[in-house]
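Student: I would like to take a close look at one part of this model, namely the way two of its chains meet. Please walk me through that part in one connected account.

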Number of protein chains: 6
Amino acid sequence: MERQVHVRVVSPITTLGFRRKDTLKSLEAPGLTVSATQISRGPGSIESEYETAMAVPDTVVRIVEAEREGVDACIIDCMGDPGLRAAREAVTIPVLGPCQTGLHVAAMLGQKFSVLTVLPRLIPQFENAAALAGLPSRLASVRSLDIPVLSLEDDLAATQSALVDEAQRAVEQDGAHAVVFGCTGLMGCAAGLRAGLLARGIDIPVIDPIPTAVNIAVALVRSDLSHSTLTFPLPPVKPMPGYDMPDLHTKAAE
Amino acid sequence: MERQVHVRVVSPITTLGFRRKDTLKSLEAPGLTVSATQISRGPGSIESEYETAMAVPDTVVRIVEAEREGVDACIIDCMGDPGLRAAREAVTIPVLGPCQTGLHVAAMLGQKFSVLTVLPRLIPQFENAAALAGLPSRLASVRSLDIPVLSLEDDLAATQSALVDEAQRAVEQDGAHAVVFGCTGLMGCAAGLRAGLLARGIDIPVIDPIPTAVNIAVALVRSDLSHSTLTFPLPPVKPMPGYDMPDLHTKAAE
Amino acid sequence: MERQVHVRVVSPITTLGFRRKDTLKSLEAPGLTVSATQISRGPGSIESEYETAMAVPDTVVRIVEAEREGVDACIIDCMGDPGLRAAREAVTIPVLGPCQTGLHVAAMLGQKFSVLTVLPRLIPQFENAAALAGLPSRLASVRSLDIPVLSLEDDLAATQSALVDEAQRAVEQDGAHAVVFGCTGLMGCAAGLRAGLLARGIDIPVIDPIPTAVNIAVALVRSDLSHSTLTFPLPPVKPMPGYDMPDLHTKAAE
Amino acid sequence: MERQVHVRVVSPITTLGFRRKDTLKSLEAPGLTVSATQISRGPGSIESEYETAMAVPDTVVRIVEAEREGVDACIIDCMGDPGLRAAREAVTIPVLGPCQTGLHVAAMLGQKFSVLTVLPRLIPQFENAAALAGLPSRLASVRSLDIPVLSLEDDLAATQSALVDEAQRAVEQDGAHAVVFGCTGLMGCAAGLRAGLLARGIDIPVIDPIPTAVNIAVALVRSDLSHSTLTFPLPPVKPMPGYDMPDLHTKAAE
Amino acid sequence: MERQVHVRVVSPITTLGFRRKDTLKSLEAPGLTVSATQISRGPGSIESEYETAMAVPDTVVRIVEAEREGVDACIIDCMGDPGLRAAREAVTIPVLGPCQTGLHVAAMLGQKFSVLTVLPRLIPQFENAAALAGLPSRLASVRSLDIPVLSLEDDLAATQSALVDEAQRAVEQDGAHAVVFGCTGLMGCAAGLRAGLLARGIDIPVIDPIPTAVNIAVALVRSDLSHSTLTFPLPPVKPMPGYDMPDLHTKAAE
Amino acid sequence: MERQVHVRVVSPITTLGFRRKDTLKSLEAPGLTVSATQISRGPGSIESEYETAMAVPDTVVRIVEAEREGVDACIIDCMGDPGLRAAREAVTIPVLGPCQTGLHVAAMLGQKFSVLTVLPRLIPQFENAAALAGLPSRLASVRSLDIPVLSLEDDLAATQSALVDEAQRAVEQDGAHAVVFGCTGLMGCAAGLRAGLLARGIDIPVIDPIPTAVNIAVALVRSDLSHSTLTFPLPPVKPMPGYDMPDLHTKAAE
């Protein structure tokens, strides 16, 4: 298994410049190449089920394109995992959602975990994600920073401080033994949150879902694993008026 | 509470003539008007998560339009409940998915229930729906007729016969005490299935989800109830490149 | 389906004048007639499992009588749903318990719900009801007003105020996105509670179980649905010393 | 703890001579006295929720009488545990239902268990009992002999043979590692079933719920334990027209 | 069933004099003899999964010896139930863990229960025990006194006072209706805790797991019950370098 | 993140030559070194809870040694995950059990999964593992090949053929969408099983737990993640008569 693994991170939002390219490049490691793309049709950011839904069609297109380019695995860069199930039906390479991946990794590392997200309105989304992952009993709580996605970087110190406070409450009030970022816009804040918690005597894993999902994707590729075609069978051939979708069956027949 | 209740059934597929208008009209009753519409952009029929996802954007548009026209409640005419959560964020009138509604009604009427659907590939969808409805312990099984949606009417006798056979297996092998149709294309087959089962000595409720959802929608309207704004808050104002979506906030401000 | 639906509300308590007739009449709507009756043997009000049990025999008699009079559906007017299972065995028309019905409706409308009941001693009853409904994961909490049933109307302002306070705590401390009255003696308080919560910025569904159950009963009748005879089969013919019960089998043979 | 423990077995049916006195006497052991009584108002036998409900009022009376006579604990002699919750509210001595007790003992002894009952119509009752006991995940199956209660002794060889066959199926098809009798009319059949299963190479615990509940009752009395007054508080003082119930509060005040 | 039942309590720690012999002797009752032993290889006390694991080999040896001496049942004297599953494979007499037993008894007596343990680090152990017992829904909370096992008796008044405070919090904040000691070092404190709680108006069962397990063991022996050989089959014959284990098969062949 | 990751595979059995060194070496990849060790005190192979328990003490010693040598992560080479929790308390580097890891990976890739193990007696172990992983709802079944561990390689063709047959039954009868090997002695059989299933038209992920755990360990190391110190705190300093354990605190103080 000497070959280089190529993981593509697909951003399901249309705001340009939200994720800096070098941030993702920093995830590269021996045997791992990371590339990035984003959708051109859909929401500027995702903070609702409505925006999640609108992000799906173009996200699936980007993932089909990635597979055709020879990419080994794709990560959807949003904790709503938009298009995860649809994209898995459309391609055979592993497609990972940072939410599903992060919840399972958290469950492997400690007794219960909390999700730290940006807005209270996203709480049901994570409760549903835990139920669909089969992990409802491990979710200690979902806590919100009450900061919109696109404002997370406006005052990074405030964001970091809110993270430490909410993580401490998750541990002390909700019984969390690990925390997972509930927005991929928080990528890069794990080391700071770890340090902030250690300063308060709390030593727990902090799961930064995008780096984690990229590394788990490599693990799957190296283990010759991808999602099940019984759960995610190829869609039937049918017209799709109003969308310019790739021909999934031609590709599959290659 | 003397007023007429107007329920709109929104078909999330682009195939014309799939559902005959008089079928839905037959659901009208004292105090109840039923109207219908369908999407113009999206899948010809829905038999995958991929097609479910592509149906959502236009389904939400139709539901927003319905609310603006003064419709009292909307039903999404597909057992995948496509766009249920997104549409509930966008409007304040009740939006019902026949799947979610049918599962709860089945749970009220008997100990466990089975879903009778069209294709094996849809089984995980119903298992997930039961989990999200909070009802995993009541789902006895999901059974498939192995007939594509658009072929259900090609040989109605074969469809009816397959329904009776699978329902009997659900009762005798899986412990079902009620059955729910797992495809709204089966609408109208309940009386025939009931008769077929009674001829075999099996007397159980057969839930035809569209008529049931229409009647439950009336019950909600008459009870002054709609979905929770805490679970389904109005989406934020943001550009949505590539889509021509209605301005949800203007409407909300009315 | 042009016919009038007749729903009978059966009060399982012996206190006269507890529920005013015009309150139930106000639930009538196009196509819906509502009538009422109550038991003559059993508890004055129901605030314990002991009283619930003593209410069952006569409640079943009233429901059997209703079916024989041609009533289309019965509602048991107590959140303990006394006699729900026994009565369903005895008749073929739909019998609804406001508790079971209210919990399923709440689960359809929001992520999690709380029950607001009258006395702390009733909390286990609602936890058990949620478990039997298959909905334990959706019950956020059960909160008590600490006011006995027959005193609810002594100081209606105090009752309303306690409702608003507990509902707010349910939302803010327990994560409820909807509330259900945990005593049918609270019937009629929904509009006031909604208004009180809106004044505090909380916009959630308030489920008043008797009106809701009446309207859901109409939906079931119009959908040609009743409870499953596999879950609720007719009891065997046997003597019942000490009780003057109707002959269930003669009726069934009609 | 030298004193004799007196356990009373209360039969909630009105058929005379169903349970022979010497059968219960055979359960006596050093430190244990067993006595018996039965109701005079209620069903001849219990094979439905309807009959279960009608058995409750007089069963509670018998248990209150037992406590007043100085009995140390009561067992309700029916797997429907009729009146268990109501009676626990009315007395402070331990009241055990053989169903609840048998399920917990089975869960202590093996991975999963099956219930072997008399009629298919009782299956939901045991599924609900497992849910209320908090043990749904441990119930492998409920299997029926298809023999009415009062016919169990008509052909004891047939009953024993049906027990062995169904127990074997429970082990081989359902994954049961223990079985619990699902009707107290099967009392005394455990040794025969054990022998029959051992002859087929199956060595599992067979829980005969009445002897087990009697012995567990002694364990609770010797451990100074009874049910919680928070779960089962004393009912309020209120008239109960149509019933001649003991004054629970006078007793409690003693 | 006239014979004397002999129960052996096996202490899985190497600290001498921790449990006074007369404490266990006080559990004797008509028909019941209690004896005690302890391991000579393993931890001084058990406050971690690491120590639990190190206690298992010698605990199993002691239990095999007890069976060979004719003891009727064994209790493992630690709430971690160390070696419970391994020992059950090795012997046919009942082996009870006070944790598993205590949780089931608590679940029989009230709606939900809390565990009161000595150190916060043990909380996950009890959550896992509840999951393995099939009882996760009945565990209200695990609360810690924050006192190491071997210091419990240093200041008995402080221990008792901490117990009352935490039990009250379990009832008032977590909804517990019963409490279970989460360390067998607390044996003997039940009466004091009951009295302390009654003085604060709280009347709930307090489960002292060792006395309870001893009494439940008698109940199992008198009911001719032991653990299932399907869940706990005899281990295969194989060398075990580094351990001097008894020959389980010779014994089994006796 | 340029450094080489060193993963140590610790075999918890004393049989020499069971796992060939080159098998593990074949898992190496760019950036990954794999080494191996085994215990010298404990069972020859593990097919019972008894043997699992006896393997733990020396397994923990090997893992503590690995951490002191600078190894980055350890894998315990047995599907019973012996010593996983004890070892995690003793070290700060990630320790992975192939069972826990394999179940989570399976849950990420498909709807439900089955475990294919060697002996029926191990079935409860996997049901318990799924419960402790928080994944009981995703376990479709545990199926047994009925071949002892040390005989798996005696007739590799028979082993492969039994694997394909049981995997097909898992899919067709139990609804599995993925399978996980339930014995690490099956390592290396995944490609053959995949091919055998594809020849029967079944395309599902086959999880070979040791390679998967090794690759997931790399992912954790690269993501700067290890288990939670709140779930797995360092054990207290105490004598451990009869064992020659390393001083965990000296190490921790380094």
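Student: Before that, which charged end sits over the ring of A:Y243, and how far is it from the ring centre? After that, please describe the interface between chain E and chain F in detail.

Tutor: In this predicted model, the charged end of B:R41 sits over the ring of A:Y243, at 5.3 Å from the centre of that ring. Turning to the chains you asked about, F:R41 lies over the face of E:Y243, with 5.2 Å to the ring centre. Chain E is superposed on chain F by a rotation of 180 degrees with 0.0 Å of shift along the axis, the RMSD being 0.0 Å, and that is the relation of a two-fold axis. The copies meet through the same surface, because 100% of the interface residues of chain E are also interface residues in chain F. In this interface 39 residues of chain E are in contact with 39 residues of chain F, and the area buried between the two chains is about 3500 Å², of which carbon and sulfur atoms give 62%. On the side of chain E, the residues that lose the most area to chain F are E:Y50, E:M54 and E:R121, which together account for 20% of what that side buries. As for polar interactions, there are 22 residue pairs in polar contact between chain E and chain F, both residues being at pLDDT 80 or more, and the count of salt bridges between these chains is eight. F:E51, for example, forms a salt bridge with E:K238, where the closest N and O atoms are 2.7 Å apart. The elements that give two or more residues to the side of chain E touching chain F are α2 (49-69), α3 (84-90) and α5 (123-132) of chain E, and α2(E) gives the most, with eight residues.

Key
Residues are numbered from 1 along each chain as its sequence is written. Chains are lettered from A and ligands numbered from 1 in the order in which they are written. This is a predicted model: local features need pLDDT of at least 70, side-chain atom pairs count only at pLDDT 80 or more; totals for chains, interfaces and linings use all residues. Side-chain values use heavy atoms; hydrogens and water are left out. A charge sits over a ring if NZ of Lys or CZ of Arg is within 6 Å of the ring centre and within 35 degrees of the ring normal. Copies are superposed by least squares on the C-alpha atoms of residues with pLDDT of at least 70 in both. Contact means heavy atoms within 4.5 Å. Buried area is the accessible area (1.4 Å probe) that two parts lose on being put together, summed over both. A salt bridge is a side-chain nitrogen of Lys or Arg within 4 Å of a carboxyl oxygen of Asp or Glu. A polar contact is a pair of N or O atoms within 3.5 Å; within protein, one must be able to donate a hydrogen and the other to accept it, and residues adjacent in sequence count only if both atoms are side-chain atoms. Helices (H or I, at least four residues) and strands (E, at least two) are DSSP runs, numbered from the N terminus.
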